[in-house]
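Let's take a friendly walk through this structure, beginning with its charged pairs and ending in its interior. Please keep the 3D view open as you read.

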Amino acid sequence: MVELAFSTNAYTRHALPDAVERIADHGYAGVEILGDEPHAYFPDFGEDDREELSNTLDSTGLAVSNINANTATGYYDDAPPSSFFDPSVVTADNEEREWRIDYTKRAIDLAAEVGAPAVCLATGRPLPGNPPEQAYEYLLDSLGTICEYAAEHDVEVGIEYEPELLVECTEEVLELIEDVDHDTLGVNLDVGHAAVYGEDPAETIRRCAGHITGVHLEDIVGGVRGKHYHRIPGEGDLDFRAIFDALDGIGYEGFATLELYTYPDEPDRAASEAHEALSSYC
C-alpha cells in the first residue's frame with residue numbers, strides 16, 4: 001500500500017524540526033528530508049542537529065521516506081534560488097566531483113541513521129567543456145563508488161531524472177541502471193518530470209517496475225509536455241487516479257512524496273491541500 005509523505009523542501013523558511021512537526025500536523029505518514037541548506041547541508045549538519053532531528057521524528061511518529069540529495073546549493077555563497085545541481089557527480093573537475101561523491105555518502109549516512117530506505121540523486125548537466133559522452137563516464141565511475149557505499153549501509157540510491165539533465169527520461173535512466181548493474185541503484189520517479197518530458201506517468205511507472213526506490217508527486221499544468229512547475233495536485237492536469245492505479249498494479253508499497261518546493265510562502269496550505277487531494281487514493 002502506498003503511503004503519503006511530504007518533502008521539507010517546501011519549508012525552506014522554517015527550521016528542519018519545525019518543518020517536520022508541521023508536516024506531521026497535516027496527516028502525513030512520512031517526511032522527506034532536504035539534504036541541503038537550510039535543512040541538512042551535510043558539512044554543517046552536526047551531531048546536535050542529528051539528535052534534534054531524531055527526537056522530532058520520534059515525537060511526531062513520522063517515518064523518513066527519502067533523503068533528497070539532488071541539490072547542494074550550500075556549496076556556494078551565491079547560489080540562485082532554484083534547483084542548482086553543481087558540483088554534480090558528472091562535473092569535469094575531479095576535486096569537485098569527489099566532493100559531490102562524498103556529499104552523497106553523507107546523505108547515505110543520514111538515511112541509515114534515521115531509517116530512510118533511500119537517497120535520491122540527480123545527475124546534473126553536461127556543462128561546456130564536458131560533452132555528454134565524457135560526463136556519462138564520470139557518472140558511471142561516481143555511481144560505482146556511491147553504490148558500494150550504499151550497499152554497506154543497506155540504503156538504495158534513486159536517480160531522479162529531469163529534462164535537460166544528463167539523464168532526463170525513463171529510457172535513459174533504465175539504460176543507466178543496466179550499465180551500472182548494482183542492486184542498490186534504481187530510480188526516484190518524479191511523475192511531473194515524466195510528464196514534462198512527454199511521457200505518460202502511468203506508463204512510466206509500469207516501465208520502471210522493480211526499480212523504483214521512491215516517488216515524487218506534484219501536478220503539472222498542461223499534463224504531458226507541460227511546463228516544469230510543481231503545482232498542488234488538482235491545480236494541474238495529471239491523472240492521479242491513473243498514477244496510483246499504476247503504482248498498485250506493479251505492487252509498489254513505498255512512499256509517494258509530495259515535492260512542492262514552489263510554495264515557500266505557503267507550505268502549510270500546499271501540504272494540507274495536497275493531502276486532502278490524494279489521501280483517498282492510498
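A salt bridge here is a side-chain nitrogen of Lys or Arg within 4 Å of a carboxyl oxygen of Asp or Glu. With that in hand, a search of the whole structure, which is a predicted model, finds 11 salt bridges.

Let's begin with aspartate 268 and arginine 22, whose side chains meet in a salt bridge at 2.4 Å, N to O. Aspartate 268 belongs to helix H9 (residues 267-278) and arginine 22 to helix H1, so this pair ties together parts that are 246 residues apart in sequence. Aspartate 268 is partly exposed at 24% relative accessibility, and arginine 22 is partly exposed too, at 27%.

Helix H9 also holds arginine 269, while glutamate 235 sits in the loop between strand S7 (212-217) and helix H8 (240-249); their pairing therefore ties together parts 34 residues apart in sequence. The closest N and O atoms of this salt bridge are 3.6 Å apart. Salt bridges with shared partners join Glu235, Glu266, Arg269 and Glu273 into one network.

A more local pair can be found within helix H3 (residues 94-114), where arginine 106 and aspartate 102 are 4 residues apart, about one turn of the helix. Their salt bridge has its closest N and O atoms 2.7 Å apart. Arginine 106 is partly exposed at 24% relative accessibility, as is aspartate 102 at 39%.

Now turn to the strands. Is strand S2 enclosed or open to the outside? Its 5 residues, 30-34, are all buried, so S2 is largely enclosed by the rest of the structure. Gly30, Glu32 and Leu34 point one way from the strand, whereas Val31 and Ile33 point the other way.

Strand S1 (residues 3-7) pairs with S2 in the parallel sense over 3 bridges, and alanine 5 stands opposite glycine 30. Between these strands the chain passes through helix H1 (residues 16-25), making a right-handed β-α-β crossover. S2 also runs parallel to strand S3 (residues 63-68), joined to it by 5 bridges, with glutamate 32 opposite asparagine 66. The route from S2 to S3 goes through helix H2 (residues 47-60), and this β-α-β crossover is right-handed.

Finally, look to the interior. The largest nonpolar core has 82 residues, and those with the most contacts inside it include Phe6, Ile33 and Leu258. Leaving aside neighbours within four places in sequence, leucine 258 is in contact with residues including Leu4, Ala5, Phe6 and Ser7, as well as Leu217 and Leu278.

Note on methods
Residues numbered from 1 in each chain as written. Predicted model: local features only at pLDDT ≥ 70, side-chain atom pairs only at ≥ 80, totals over all residues. Heavy atoms only, no water. Buried < 20%, exposed > 50% of the residue type's maximum accessible area, 1.4 Å probe, protein only. Helix = DSSP H or I, 4+ residues; strand = E, 2+ residues; numbered from the N terminus. Pairing = 2+ DSSP bridges. Right-handed = clockwise from strand over helix to strand, strands pointing away. Core = buried A, V, L, I, M, F, W, Y, C linked by side-chain atoms within 4.5 Å. Contact = heavy atoms within 4.5 Å.
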